[in-house]
Amino acid sequence: MPHIQTLDAHLADLIAAGEVVERPASVAKELLENAIDAGASAVTVEIQHGGLTFLRVTDNGCGIAPEEAETAFLRHATSKLHTEYDLEAIGTLGFRGEALAAIAAVSRVDLLTRLPERPMGVSLELEGGTVVSKEEAGCPAGTTMIVRDLFYNTPARLKFMKKDSYEGAAVFAAVQRVALSHPEVSVKFLRDGRQELHTPGDGALESAVYAVLGREVALGLLPVSGSGEEMKVTGFASRPTCCRGSRSGQHFFVNGRAVKSRTMMAALEEAYANQKMVGKFPACVLHLTTKLNAVDVNVHPTKQEVKFGSDKRVFDTVYYAVRAALEGDRVRPAAVLEKPKPHDTVTPNQTAFRTMTAEEYRTMGESKPGKKQPVRAGLSALTRIASAPDRLPLHDYTAPRTVKPSAPPPVEHQPTVQVEKVPSPVSVPAPERETPPRPATIQTPSAPKTVPPPQEEPAAPPQPAPEPAPMQEAELEPWRVAGEVLNTYIIVEQGDRVLLIDKHAAHERMNFDRLKAAGYTPMCQVLLTPVIFTPSAEEGAVLLQNQPLLERFGFQAEDFGGGSVIVRQCPDYIDAGEVEATLTALAGELLTTGRADPQGARDALMHTMACKAAIKGGQKNGLPELEKVAGAVMRGEVKYCPHGRPVAIELTRKELEKQFKRA
């Protein structure tokens with residue numbers, strides 16, 4: 001039987017450090033909280049190599065007395081608690097007295113501090129929690145804490161650290177939260193010698209929001225103000241049209257402390273019910289002020305979670321405050337109309353760089369006999385690409401664009417591609433009139449006569465089709481698209497049965513299978529106007545960290561400075577307006593599942609891209625697009641969407657006759 005023994009003091013400190021110090025961001029958070037508790041009005045955080053080798057926090061607070069400098073690094077040594085009754089109403093950010101002891105136990109620490117009323121300060125050097133040197137020193141009033149070589153004596157913890165860019169982004173996020181929680185404090189952040197954040201510290205929350213979250217986010221926020229039973233909520237919440245693809249933009253504070261509160265999050269999102277798009281989440285910066293004894297902050301080692309005396313009061317206060325802000329907003333989204341730009345003076349040598357309309361391009365091609373044939377050849381090549389089964393356009397389904405390159409008969413046929421007019425034009429001979437655009441759209445016994453086998457081969461590579469027998473059986477029985485309901489569900493009639501197909505789910509699966517096919521190479525488009533957006537610190541870091549993965553699927557994203565990301569290239573089936581939403585959703589997937597598993601990251605990327613590029617429910621589509629999606633389902637190539645939902649449901653004649661009492 002093993003004997004019970006008392007742990008060594010140093011080993012106990014290392015264990016305690018594991019509860020408080022998880023990464024450099026934890027160190028920055030604890031030191032920033034100490035600076036604010038010391039009454040500082042200006043704080044500077046500087047890191048190098050993600051904060052693992054160097055992290056410095058400088059404040060102009062009250063400082064530490066020389067005779068108490070060593071005591072500050074002892075466990076449970078604090079100036080913020082004196083009696084047990086102080087635990088009932090904690091008004092400071094720190095109170096346990098464990099932060100400095102935990103940090104010093106796993107790093108090398110240098111301390112410079114001076115009281116404002118004294119001419120000299122003290123310099124203290126510690127290594128592994130042990131004081132190495134102490135001497136008098138001249139320094140500014142306040143405290144400067146330098147943490148070097150974090151986890152140098154705990155290699156088991158060090159090996160779990162991420163890349164410097166990711167750890168630095170986590171430190172930046174911690175600094176941002178402190179800046180938003182205390183707008184009266186001027187916060188400056190420097191990474192590898194470059195300033196990335198500087199708040200004015202004028203006490204106005206809108207100033208801190210503008211400096212931390214950026215101009216675009218700040219302009220999309222509504223002021224929130226409300227009060228309940230002994231509670232008050234102030235801050236900002238995003239307009240329903242400015243919601244994000246993840247919850248990374250939600251910042252909650254209780255009595256000046258950054259917290260993660262499920263109650264406040266649920267109240268916020270409930271206030272947006274039936275006002276935001278599905279899959280979007282509101283952003284916010286909400287400060288809840290309540291009595292100190294109405295909230296327990298001593299429930300988590302890192303103090304990120306709190307416990308309320310009444311969750312219902314908190315929920316109601318946040319809900320009604322945000323709801324009132326949304327109902328009081330009378331601002332409507334403005335239509336952005338681009339004015340035609342006058343052409344600059346073009347010299348003969350600058351013709352290749354001139355901006356032209358489609359009509360000008362055609363006129364130029366027709367006016368030059370030598371260039372006429374190549375222009376037509378180029379248009380015909382584009383027509384073949386757009387009509388090929390494995391090159392289905394994923395974001396532009398307007399009927400005129402599909403039919404324009406075709407012969408006159410299909411153009412006359414196109415206006416009848418409305419749901420109420422589908423039964424008359426949609427029939428078996430339809431592929432004979434539009435053989436080039438859709439060679440195998442409707443599966444009938446006569447289809448092989450009008451579509452020669454060589455034209456069916458291009459569809460084979462992207463579709464594995466391991467079960468040819470079911471596909472052949474489906475081709476033996478004619479089917480037709482009878483219409484579409486709710487602009488979402490395709491109605492297909494085949495024999496004595498009727499199928500309802502979810503066009504978004506089916507098309508999403510088609511996209512996913514095509515992306516997952518071996519040897520798939522996306523066609524990329526260089527954006528004339530690069531997309532610039534500002535993700536959260538963690539999202540930006542994980543996107544830049546996975547640049548090779550993004551480039552493999554057609555994205556070219558770079559750091560644009562100031563926390564922004566610039567996208568210069570994207571796949572051809574992703575619209576420029578969907579680039580930010582796609583990459584934001586992708587970053588959320590990578591943060592939760594993709595960092596440790598490259599294959600999981602690749603699948604997450606394909607899931608996101610397939611969903612964003614798929615046709616949407618409620619979107620009007622032309623008949624060729626509906627037939628192409630229905631054809632994949634009827635051939636058995638698509639059964640479930642990538643998320644596991646069925647793409648089609650079936651009703652038989654017998655079931656319908658039962659409903660009408662005809663059976």
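# Talking through a predicted model

Me: Let's start with Ala42. Which residues does Ala42 touch, leaving out those up to four places away in sequence?
Reply: This is a predicted model, and Ala42 sits in strand E1 (residues 42-48). Once residues up to four places away in sequence are set aside, the contacts of Ala42 are Thr58, Asp59, Asn60, Val185 and Ser186.

Me: Is Ala42 buried, partly exposed or exposed?
Reply: Buried would need under 20% relative accessible area, and exposed would need over 50%. Ala42 has a relative accessible area of 31%, so the label that fits is partly exposed.

Me: What separates the C-alpha atoms of Ala42 and Gly201?
Reply: Along the chain these two are 159 residues apart. In space, the separation of their C-alpha atoms is 7.6 Å.

Me: Zooming out, what share of contacts in the protein between residues at least 6 apart in sequence join residues at least 24 apart?
Reply: For scale, the protein has 663 residues, of which 44% count as buried, and it holds 24 helices and 22 strands. Among contacts between residues at least 6 apart in sequence, the share joining residues at least 24 apart is 68%.

Me: How far apart are the end C-alpha atoms of helix H5?
Reply: H5 covers residues 164-181, which makes 18 residues. At 1.5 Å a residue the helix should span 26 Å, and the model agrees, with its end C-alpha atoms apart by 26 Å.

Me: And how many residues of H5 are buried?
Reply: H5 is largely enclosed by the rest of the structure. That follows because, of its 18 residues, the number buried is 15.

Me: On to hairpins. Which residue takes a positive phi in the hairpin of E7 and E8?
Reply: Strand E7 (residues 186-191) and strand E8 (residues 194-198) pair in the antiparallel sense over 4 bridges, and Leu190 has Gln195 of E8 as its bridge partner. There are 2 residues between the strands, and the one with a positive phi near 50° is Asp192.

Me: Which residue takes a positive phi in the hairpin of E16 and E17?
Reply: Here strand E16 (residues 480-485) pairs antiparallel with strand E17 (residues 489-494) over 5 bridges. Arg480 is matched with Glu493 of E17, and Glu484 is matched with Ile490. With 3 residues between the strands, the residue whose phi is positive, near 60°, is Leu486.

Me: Which strands stand at the edges of the sheet that contains E16 and E17?
Reply: The sheet is open and antiparallel, with 4 strands in the order E16-E17-E18-E22. An edge strand has a single partner strand, so one side of it is left without a neighbour in the sheet; the two that fit are E16 and E22 (648-652).

Me: What does the twist average from one strand to the next in that sheet, and which helices pack on the sheet?
Reply: The average twist between one strand and the next is 25°. One helix touches E16, E17 and strand E18 (497-502), at about 70° to the direction of E18, and this is H18. Another touches E16, E17, E18 and E22, at about 60° to the direction of E17, and this is H23.

Me: Are H18 and H23 roughly parallel or roughly perpendicular to each other?
Reply: Helix H18 (residues 503-516) and helix H23 (residues 623-634) have axes 10 Å apart, at an angle of about 70°. Angles of 65 to 115 degrees count as roughly perpendicular. The pair is therefore roughly perpendicular.

Me: How many nonpolar residues are in the contact of H18 with H23?
Reply: H18 brings Lys503, Ala506, His507 and Met510, while H23 brings Leu626, Lys628, Val629, Ala632 and Val633. By class, 1 is polar and 2 are charged, and the nonpolar count is 6.

Me: How many residues of H18 are buried?
Reply: H18 has 14 residues and reaches 20 Å from its first C-alpha to its last, close to the 20 Å expected. The helix is mostly covered, and the buried residues include Phe512, Arg514 and Leu515. Of its 14 residues, the buried number is 12.

Me: Last one: in the sheet with the order E19-E21-E20, which residue of E21 is the bridge partner of Val526?
Reply: This open sheet has antiparallel pairing, and E19 (524-533) and E20 (556-561) stand at its edges. Neighbouring strands are turned by 20° against each other on average, direction ignored. E19 is joined to E21 (residues 564-571) by 6 bridges, and the partner of Val526 in E21 is Gln569.

Methods. Residues are numbered from 1 along each chain as its sequence is written. This is a predicted model: local features need pLDDT of at least 70, side-chain atom pairs count only at pLDDT 80 or more; totals for chains, interfaces and linings use all residues. Side-chain values use heavy atoms; hydrogens and water are left out. The expected span of a helix is 1.5 Å times one less than its number of residues. Buried means under 20% relative accessible area, exposed over 50%, partly exposed in between (1.4 Å probe, protein chains only). Two strands pair if DSSP finds at least two bridges between them. Axes are lines fitted to C-alpha atoms, for helices over the stretch in contact, and angles run from 0 to 180 degrees between N-to-C directions. Angles under 35 degrees count as roughly parallel, over 145 as roughly antiparallel, 65 to 115 as roughly perpendicular and the rest as oblique. Contact means heavy atoms within 4.5 Å. Ala, Val, Leu, Ile, Met, Phe, Trp, Tyr, Cys and Pro count as nonpolar, Asp, Glu, Lys and Arg as charged, and the others, Gly among them, as polar.
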